[in-house]
Amino acid sequence: MQVIEIEHLSKTFVSGFGKKSVTALNDVQLSVNEGTIFGLLGQNGAGKTTLIKVLLGIVFPTSGDCKIFGTDYVNLQVKKRIGFLPENHKFPNYLSGYQVLDFFGRLSGLEHLHLSKKIDEMLELVQLTKWSKSKVKTYSKGMLQRLGLAQAMLNNPDILFLDEPTDGVDPVGRKEIRNILSDLKQQGRTIFLNSHILSEVELITDRVAILHKGKIIREGNVNELTAKKEEYKIVVDVELENSLDAEELQKHHVHKVAPYTYLFHADETASANGLLDLLRTKGISIKEMIQDKSSLEDVFISLVKEEETRK
Amino acid sequence: MKNIWLVTLFTVRESISKKVFIAFSVFVLAALLVAAYAAPMMVPVVSSKATGTPNNMALYFKMGTANFVLSFGYLLSIFACAGFIPSLLERGTIDLFLSKPVSRAQLLAGKYFGGLFIFFINTFVLIAGIWIIAGFQFSHWDFSFLPLLLVSLFYFAILNGVVLVTGLLTRSSGLSMMTAYMLMFVSPLLAKREVVFSFMQGKDFLKGFINTLYFILPKLHELQDIPQNVAFNRSDIELQIILTSFLFLLVVLYAGFRFFEKSDY
């Protein structure tokens with residue numbers, strides 16, 4: 001089931017009495033399935049935050065349509081099922097962590113008795129129980145981010161929108177956040193994630209879309225995007241240069257990347273099988289063979305470059 | 001209503017943290033202490049028939065003290081409220097609020113009423129305190145002094161509306177403050193415009209402009225006279241003053257709410 005549906009969505013910001021206009025989103029089409037982690041990637045200024053804001057009714061679209069749970073995106077009932085962690089969020093610094101959660105929990109429609117229990121649970125989850133009575137102004141960036149995450153999860157949202165959730169968080173904290181998000185996914189919740197830390201996104205997302213200058217330039221699941229279709233990595237028990245002659249290596253486009261590890265190019269299955277047969281006849285044991293992958297970062301950079309050169 | 005009340009309480013909390021409203025409260029309490037100390041010294045004056053009727057003297061005491069404190073109270077309250085909207089509209093704050101199941105109108109109403117609420121509490125303590133002090137000291141329990149509470153609240157409601165709209169349009173607490181202070185400054189000049197006109201030969205366009213301003217803008221100066229006129233039975237209340245000021249408040253608030261409803265943040 002699709003929980004977010006975006007059709008032909010565009011947003012143009014007009015400033016300076018109509019003289020300057022900036023197209024933040026340009027004919028965006030996107031859908032997100034229930035119970036998945038969706039990553040929206042893009043450079044700074046690509047339109048990622050604008051897209052989330054449009055979905056939440058904070059920014060109004062110029063044209064197009066978007067729906068959450070099949071209904072109007074600014075519907076207040078829908079907002080009860082949504083959690084949001086904005087980028088660079090600011091909590092009132094005169095409140096303690098507990099008071100922040102109490103206020104935003106009430107604003108989300110949670111009842112007092114249920115709320116206090118939930119706050120304790122959330123503070124425990126983000127490991128801020130010890131600091132719950134301290135004023136927010138004494139919190140570090142990482143603590144604020146964890147408090148923000150707790151705030152976003154307080155109402156047991158069915159969809160969680162996270163804008164740069166690991167910003168300013170140390171590696172240990174990042175791993176904890178990833179674990180929390182994975183647990184939420186296990187519970188069937190949908191997570192819409194904006195990030196420019198691609199290695200993070202690669203680890204947890206099911207699907208990603210790459211946004212460039214307001215346009216979706218690629219969408220797909222992470223494995224599809226990062227797979228190099230015709231490249232294979234092979235790990236063997238001997239050094240191939242000693243067992244095969246140079247001509248054979250060249251024929252199969254084999255080159256060494258590490259001790260006992262080689263990359264080979266095979267544009268069709270028969271070609272790959274040819275090399276494997278050759279290795280077997282030479283008595284070489286194949287320990288591992290996998291389709292070679294690019295990192296999400298490599299894919300992202302090459303797509304952006306490709307898009308730039310096209311223009 | 002629940003959401004408006006929540007945001008109102010949140011705004012009260014914000015204003016307490018900024019300490020300006022606390023300064024107003026301290027000023028009110030100090031004024032009440034001084035009034036309680038000074039009132040017994042005025043008993044012989046108030047009782048003396050040579051200085052007018054005792055009731056009038058007690059009223060002068062009450063009005064004088066209250067208006068003196070209120071004139072600072074308005075300034076302090078504007079100063080405190082001017083930051084509410086700009087701080088709400090800061091990136092990272094407004095996103096959080098608008099992502100919650102709260103309508104924009106409720107959010108803005110909560111912010112507006114939060115300012116009014118704190119002003120009301122302070123003014124209520126001031127006026128009730130003075131009324132009780134004067135009641136015990138002069139045995140003067142006349143209720144004609146109490147409309148001052150309503151009028152001062154209305155006066156501040158107008159200024160708070162102006163602060164709110166300026167804050168929405170400019171996101172600047174400084175400009176919000178200046179606009180409200182300017183309105184307070186211009187109002188007595190417009191009320192005495194006939195005196196100003198007597199120094200102007202010709203210049204009909206300018207006179208027309210000043211007259212238009214007078215009818216468009218709220219009659220803050222005249223509003224301040226209403227409680228005294230009621231207390232001293234001086235003259236009938238000009239309904240036009242209240243109506244045009246109320247209309248101004250409605251228009252300003254409507255414009256502010258519409259703008260907030262339609263804006264991107």
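Which residues do ring pairs link into a cluster? The cluster consists of A:F91, A:F103, A:F104, B:F10 and B:F97. The model is predicted, and the exercises below work through it.

**Exercise 1. Compare the make-up of chain A and chain B.**

Solution.

Step 1. Count the elements. Chain A has twelve helices and 14 strands. Chain B has twelve helices and zero strands, so its pattern along the sequence is a run of α elements, α-α-α-α-α-α-α-α-α-α-α-α.

Step 2. Give the extents. The C-alpha trace of chain A spans about 75 × 50 × 35 Å along its principal axes. For chain B, the box filled by the C-alpha atoms is roughly 65 × 50 × 25 Å.

Step 3. State the buried share. Of the 311 residues in chain A, 49% are buried. Of the 265 residues in chain B, 51% are buried.

Step 4. Look at contacts between residues far apart in sequence. In chain A, 69% of the contacts with a separation of 6 or more come from residues 24 or more positions apart. In chain B, 79% of the contacts between residues at least 6 apart join residues at least 24 apart.

**Exercise 2. Describe helix α4 of chain A and decide how its buried residues are arranged.**

Solution.

Step 1. Locate the helix and check its length. Helix α4 of chain A covers residues 112–125, which is 14 residues. From first to last C-alpha it reaches 20 Å, close to the 20 Å expected at 1.5 Å a residue.

Step 2. List the buried residues. In α4(A) these are A:L115, A:K118, A:I119, A:M122 and A:L123.

Step 3. Look down the axis. The buried residues of α4(A) fall within an arc of 135°, so they line one face of the helix. The spacing of such a list follows a general rule: an α-helix has 3.6 residues a turn, so residues three or four places apart point the same way.

Step 4. Turn to the other side. There, A:L113, A:K117 and A:E124 of α4(A) are exposed.

Step 5. Find the packing partners. The buried residues of α4(A) pack against α3 (97–107) and α5 (141–153) of chain A.

Step 6. Look just past the end. A:Q127, just after α4(A), takes a positive phi of about 55°.

**Exercise 3. Classify two aromatic pairs and say what each one links.**

Solution.

Step 1. Set the scene. Over all chains, the structure holds 25 aromatic pairs.

Step 2. Take A:F38 and A:F192. Their centres are 5.4 Å apart and the angle between the planes is 25°, and the pair is stacked. A:F38 lies in strand β3 (residues 37–42) and A:F192 in strand β8 (residues 190–195) of chain A, so the pair ties together parts that are 154 residues apart in sequence. Both A:F38 and A:F192 are buried.

Step 3. Take B:F154 and B:F246. The ring centres are 6.3 Å apart and the planes stand at 45°, so this pair is tilted. B:F154 is in helix α7 (residues 147–170) and B:F246 in helix α12 (residues 239–262) of chain B, and the two are 92 residues apart.

Step 4. Apply the 20% cut-off for burial. B:F154 has 17% relative accessibility and counts as buried, whereas B:F246, at 42%, is partly exposed.

**Exercise 4. Find the charged groups that sit over rings.**

Solution.

Step 1. B:R193 has its charged end over the ring of B:Y214, 3.8 Å from the ring centre.

Step 2. B:R104 lies over the face of B:F260, at 6.0 Å from the ring centre.

**Exercise 5. Describe the nonpolar cores.**

Solution.

Step 1. The largest nonpolar core has 160 residues, and those with the most contacts inside it are A:F161, A:L181, A:F192 and B:F260. The helix α7(B) gives the most to this core, with 14 residues.

Step 2. Examine A:L181. Beyond neighbours within four places in sequence, A:L181 is in contact with A:I37, A:L160, A:L162, A:I191, A:L193 and A:I204.

Step 3. Another core lies apart from the largest one and has 15 residues, among them A:V236, A:L240, A:F264 and A:L278.

**Exercise 6. Place B:S172 in the structure.**

Solution.

Step 1. B:S172 is in the loop between α7 and α8 (173–191) of chain B.

Step 2. With a relative accessible area of 22%, B:S172 is partly exposed.

Step 3. Leaving out residues up to four places away in sequence, B:S172 touches B:P86 and B:G167. The C-alpha atoms of B:S172 and B:F84 are separated by 10 Å, with their positions 88 residues apart along the chain.

How values were computed
Residues numbered from 1 in each chain as written. Chains lettered and ligands numbered in written order. Predicted model: local features only at pLDDT ≥ 70, side-chain atom pairs only at ≥ 80, totals over all residues. Heavy atoms only, no water. Helix = DSSP H or I, 4+ residues; strand = E, 2+ residues; numbered from the N terminus. Expected span 1.5 Å × (residues − 1). Buried < 20%, exposed > 50% of the residue type's maximum accessible area, 1.4 Å probe, protein only. Arc of directions from axis to C-beta. Contact = heavy atoms within 4.5 Å. Phe/Tyr/Trp six-rings, centres within 6.5 Å; stacked < 30°, edge-to-face > 60°. Lys NZ or Arg CZ within 6 Å of the ring centre and 35° of its normal. Core = buried A, V, L, I, M, F, W, Y, C linked by side-chain atoms within 4.5 Å.
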